[in-house]
Structures are given as C-alpha cells and as structure tokens.
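Grab a pencil and have the model open beside you. Here are some short exercises, each with a solution you can follow step by step.

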Amino acid sequence: MASDGAALDGVLTRLVPVTEDDLDLLAQWFASPDFVEHWDGVPKSRDEVAEKYIGRRRPRVESFLVLAQGTPVGYAQYWHAGVDEGGIDMVLGPDARGRGLGPDAARALLAHLGGSLGWRRVTVDPVRENLRAVRAWEKAGFRPVSSEDEHLIMEFGFPEGRQG
C-alpha cells in the first residue's frame, strides 16, 4: 500500500520519500507565503510541518520531495480515500513553476498509483483561480468534475482494465 521508500521517476522530476532529515527544508518552505499561497495560504509552524509533512502520517498519506536535476523544488503527497482511490496534493516553489515540472511529477505519481497500487481514480482540488495549477493538472490528464467553494475538483480515471 505504501511507496516502501522507493523513488518515483518522471522525465523531468524525481519524487523521493520525505524523511525526518527534510524537516528544516520543509519548515522553511511552508513558512514562506510564496510557497503556501495556494496551499491554504497560511504559513505553517515547524511543529505543524513535522506533524503533517515529513512522513509521520504513513501509510494513509505518503509524502515526497519533488526534485528537478537533483535539487528539491517542491512537495507532493498522495492520500488514500479507499482501497483503489485517493488524492494528490502538490506545491512547487515559485522558481520551479511554469517549467512543466508539476505535470511531470503528477504523471510519475499517477504511474505509481495506477500501476503499483492499482488505483482506479485520483482527485485533486486546486484553487479555481490558480489557473497555472489547473492547467498543470489538465496537462497531467485530470478533468474538472465539480466545484466546492473556491476549489475545483478534478479527477483522473484510469481506463478500465489498464492502470498506469
């Protein structure tokens, strides 16, 4: 059910499981308004980052650093909503945006979720006004299905009989 500590490779990105050693970096990122502007918009305390984003919620939530050319550029997680479905959340640093890294990382996650884990459905919920994120999810194959408050619910469904 978990990623078992394995890295997930995209074409432009590599996702590596977050460890306790990543706390300083993630605490710095999640304290930055530029980083969390579309991740509920509220900077996080070091304690909150330690509790939620460095892998302590496994196996229900799997947390990853997104790397581009070996350099950490963002954070991604997937969470289980059932046996064969769940969601993805991702945020990239301001310098990493607009370079195709988000869709690439999303495709790497989808390959793992559909291929290794056998998921049939994955959702994301970007802020509707965050057009860059909505386009990035669309490039990864997600389609809008509904709207909740300021969020757009988007879904990726694997073709019947073929995951990943």
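**Exercise 1.** Find out which strands helix 4 lies across in this predicted model, and how helix 4 runs relative to strand 5.

*Solution.* Start with the contacts: helix 4 lies across strand 1, strand 2, strand 3, strand 4, strand 5 (85-92), strand 6 and strand 8 (151-157). Now take the direction: helix 4 runs at about 155° to strand 5. Then look at helix 5, which packs on the sheet and touches strand 5, strand 6, strand 7 and strand 8. The direction of helix 5 makes about 10° with that of strand 8.

**Exercise 2.** Work out the strand order of the sheet and say which strands stand at its edges.

*Solution.* Step one is the order: the eight strands form an open sheet and go 1-2-3-4-5-6-8-7, with mixed pairing. Step two is the ends of that list: strand 1 (8-9) and strand 7 (143-148) each have a single partner strand, so one side of each has no neighbour in the sheet. Step three zooms in on one pairing. Strands in a sheet pair through backbone hydrogen bonds, and they do so either parallel or antiparallel. Strand 2 (residues 13-17) and strand 3 are antiparallel, with five bridges between them. To see one of these partnerships, go to Thr-13, whose bridge partner in strand 3 is Ala-68.

**Exercise 3.** Check the span of helix 4 against the expected value, then decide whether helix 4 is largely enclosed or open.

*Solution.* First the span: helix 4 covers residues 101-116, which is 16 residues, and reaches 22 Å from its first C-alpha to its last. That is close to the 22 Å expected at 1.5 Å a residue. Next, the surroundings: twelve of the 16 residues are buried, so helix 4 is largely enclosed by the rest of the structure. Among the buried ones are Leu-101, Pro-103, Leu-109, His-112 and Gly-114. Keep going just past the end of helix 4 and you meet Gly-118, which takes a positive phi of about 70°.

**Exercise 4.** Classify two aromatic pairs, Trp-29 with Phe-35 and Trp-39 with Tyr-53.

*Solution.* You need two values for each pair: the distance between ring centres and the angle between planes. The whole structure holds 13 aromatic pairs. For Trp-29 and Phe-35, the centres are 5.1 Å apart and the planes at 25°, so this pair is stacked. Trp-29 is buried at 14% relative accessibility, and Phe-35 is buried at 2%. For Trp-39 and Tyr-53, the centres are 5.8 Å apart and the planes at 70°, so here you have an edge-to-face pair. Trp-39 sits in the loop between helix 2 (33-36) and helix 3 (46-52), while Tyr-53 sits in the loop between helix 3 and strand 3 (61-68), so the pair ties together parts 14 residues apart in sequence. Both Trp-39 and Tyr-53 are buried. Finally, put the rings together: Trp-29, Phe-30, Phe-35, Trp-39, Tyr-53 and Tyr-75 form one aromatic cluster.

**Exercise 5.** Say whether Asn-130 is buried or exposed, and do the same for Thr-71.

*Solution.* Locate Asn-130 in the loop between strand 6 (121-124) and helix 5 (131-139). Its relative accessibility is 11%, so Asn-130 counts as buried. The side chain of Asn-130 also makes a polar contact with the side chain of His-38, at 3.5 Å. Now hop to Thr-71, which lies in strand 4 (residues 71-80). At 44% relative accessibility, Thr-71 counts as partly exposed.

Notes:
Residues are numbered from 1 along each chain as its sequence is written. This is a predicted model: local features need pLDDT of at least 70, side-chain atom pairs count only at pLDDT 80 or more; totals for chains, interfaces and linings use all residues. Side-chain values use heavy atoms; hydrogens and water are left out. Helices (H or I, at least four residues) and strands (E, at least two) are DSSP runs, numbered from the N terminus. Buried means under 20% relative accessible area, exposed over 50%, partly exposed in between (1.4 Å probe, protein chains only). The expected span of a helix is 1.5 Å times one less than its number of residues. Rings of Phe, Tyr and Trp (its six-membered ring) pair if their centres lie within 6.5 Å; planes under 30 degrees apart count as stacked, over 60 as edge-to-face and the rest as tilted. A polar contact is a pair of N or O atoms within 3.5 Å; within protein, one must be able to donate a hydrogen and the other to accept it, and residues adjacent in sequence count only if both atoms are side-chain atoms. Two strands pair if DSSP finds at least two bridges between them. Contact means heavy atoms within 4.5 Å. Axes are lines fitted to C-alpha atoms, for helices over the stretch in contact, and angles run from 0 to 180 degrees between N-to-C directions.
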